[in-house]
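This report describes selected strands, helices, loops and a ligand site in the structure shown below. Please keep the sequence and the three-dimensional view at hand while reading.

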Amino acid sequence: MGEIAVLADGNTSGPGERTDGWIVDTRTSYDTVAGSYADFVRNSLAREPYLRAALALFADLVHAAGGGPVADLGCGPGHVTAHLHDLGVEAFGADLSPAMVDIARQDHPGLRFEVGSMTDLQLADGSVAALLAFWSLIHIPDDVIPTVLEHFRRVLRPGGPVLIGFHVGDQSRLKTEGYGGHPMKVHVHRRRPEQMSAWLRDAGFTVNAQMVFGPDESSPGAVLIAHLTPGN
Ligand SMILES: C[S@@+](CC[C@H](N)C(=O)[O-])C[C@H]1O[C@@H](n2cnc3c(N)ncnc32)[C@H](O)[C@@H]1O
């Protein structure tokens, strides 16, 4: 990620980064809850065999593609980045929230974490072997998803796998508090896997796998794995 400028209002902005209200609200919200969110998720993968299986598959695909740097975009406190690192993946993280990045650096001092927005990825073309967005596209509005996926296409090496994790559903809601009652102002967008697949195909990806977790629960999740279609 590139240089990050700190604005007078305490928000940060990279070159050309969108400073729309929703981005500022999302950043402020995760800065507010960063500590309690980190406590909430730090050991969560130990209780999530299906997510661990999806991440193990992703790690296998990264190795099969020859390895190299893997971007965890919207990494939060970095527990998934670290899990991938433990699986032999050269993972680094980036997040919109400086407070999240501070915690990720404290929790995982040997790994690289930077502040930045996936709406304006400051990574060179073809510079990552793979990338994942693990429950972070859930905050990106529908009309901005194509811009984000175009960044994903641009920075990925040909053949590199992409993993997207998200909440399944049709509704969007404004979350006004979370993780111990802290104030938040963040939109949470649930999507159908078919919708996410269609966006990926429109952006030049081929979808390889679709996994739905907890289909009988009130809040199912999904993981899609895709790769760049040759010629894109
Ligand atoms: C629900 S948390 C998920 C964090 C982590 N991936 C996990 O699985 O626990 C959503 C994360 O996405 C980050 N985020 C939201 N919008 C972002 C953007 N435009 N660019 C980068 N990160 C973003 C938030 O700051 C937050 O850390």
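Proline 161 has histidine 227 of S11 as its bridge partner. In this predicted model, strand S7 (residues 161-167) and S11 pair in the antiparallel sense over 7 bridges. S11 also pairs with strand S10 (residues 205-213), again in the antiparallel sense, over 8 bridges. In that pairing, valine 207 has alanine 226 of S11 as its bridge partner. Strand S11 (residues 221-228) is largely enclosed by the rest of the structure, because 7 of its 8 residues are buried.

A parallel pairing involves S3 and S4, which are joined over 5 bridges. Here alanine 71 stands opposite phenylalanine 92 in S4. S3 is itself mostly covered, with 4 of its 5 residues buried.

The pairings are listed together below.

| Strands | Sense | Bridges |
|---|---|---|
| S7 and S11 | antiparallel | 7 bridges |
| S10 and S11 | antiparallel | 8 bridges |
| S3 and S4 | parallel | 5 bridges |

**Leucine 132 and its surroundings**

Leucine 132 belongs to strand S6 (residues 130-134). With a relative accessible area of 0%, leucine 132 counts as buried, because the cut-off for that class is under 20%. Leaving aside residues up to four places away in sequence, leucine 132 touches Leu55, Phe58, Val70, Ala71, Asp72, Leu73, Val80, Leu84 and Leu163. Alanine 71, one of these contacts, is the residue that stands opposite phenylalanine 92 in S4. Leucine 132 and isoleucine 225 are separated by 93 residues in sequence, and their C-alpha atoms are 9.1 Å apart in space.

**Helix H3**

Val80 and Leu84, both among the contacts of leucine 132, are also among the buried residues of H3. The full set of buried residues in H3 is His79, Val80, Thr81, Ala82, His83 and Leu84. Helix H3 (residues 79-86) is thus mostly covered, with 6 of its 8 residues buried. The cover over these buried residues includes H1, helix H2 (49-64), strand S3 (69-73), strand S4 (90-95), strand S5 (113-115) and S6. After H3 comes glycine 88, whose phi is positive, near 90°.

**The ligand site**

There are 19 residues around the ligand, of which Tyr37, Gly74, Asp95, Met118 and Phe134 come nearest. Tyrosine 37 places a polar side-chain atom 2.6 Å from an oxygen atom of the ligand. Aspartate 95 likewise has a polar side-chain atom 2.6 Å from an oxygen atom of the ligand. In the side chain of serine 117, an N or O atom is 3.1 Å from a nitrogen atom of the ligand. On its own the ligand has 590 Å² of accessible area, and the protein covers 97% of this. The surrounding shell divides into 9 nonpolar, 9 polar and 1 charged residues. Helix H1 (residues 21-41) gives the most to this shell, with 3 residues.

**Positive phi values in loops**

Most residues other than glycine have a negative phi. Tryptophan 135, with phi near 55°, has a positive value in a residue other than glycine. This tryptophan 135 lies in the loop between S6 and helix H5 (145-155). Tyrosine 179 also has a positive phi, near 55°, and is found in the loop between strand S8 (172-178) and strand S9 (182-189). Is tyrosine 179 buried or partly exposed? At 21% relative accessibility, tyrosine 179 counts as partly exposed, because buried means under 20%.

Key:
Residues numbered from 1 in each chain as written. Predicted model: local features only at pLDDT ≥ 70, side-chain atom pairs only at ≥ 80, totals over all residues. Heavy atoms only, no water. Helix = DSSP H or I, 4+ residues; strand = E, 2+ residues; numbered from the N terminus. Buried < 20%, exposed > 50% of the residue type's maximum accessible area, 1.4 Å probe, protein only. Contact = heavy atoms within 4.5 Å. Pairing = 2+ DSSP bridges. Near = heavy atom within 4 Å. Polar contact = N/O pair within 3.5 Å; in protein donor to acceptor, adjacent residues only side chain to side chain. Areas by Shrake-Rupley, 256 points an atom, 1.4 Å probe, with all protein chains shown as cover. Nonpolar A, V, L, I, M, F, W, Y, C, P; charged D, E, K, R; others polar.
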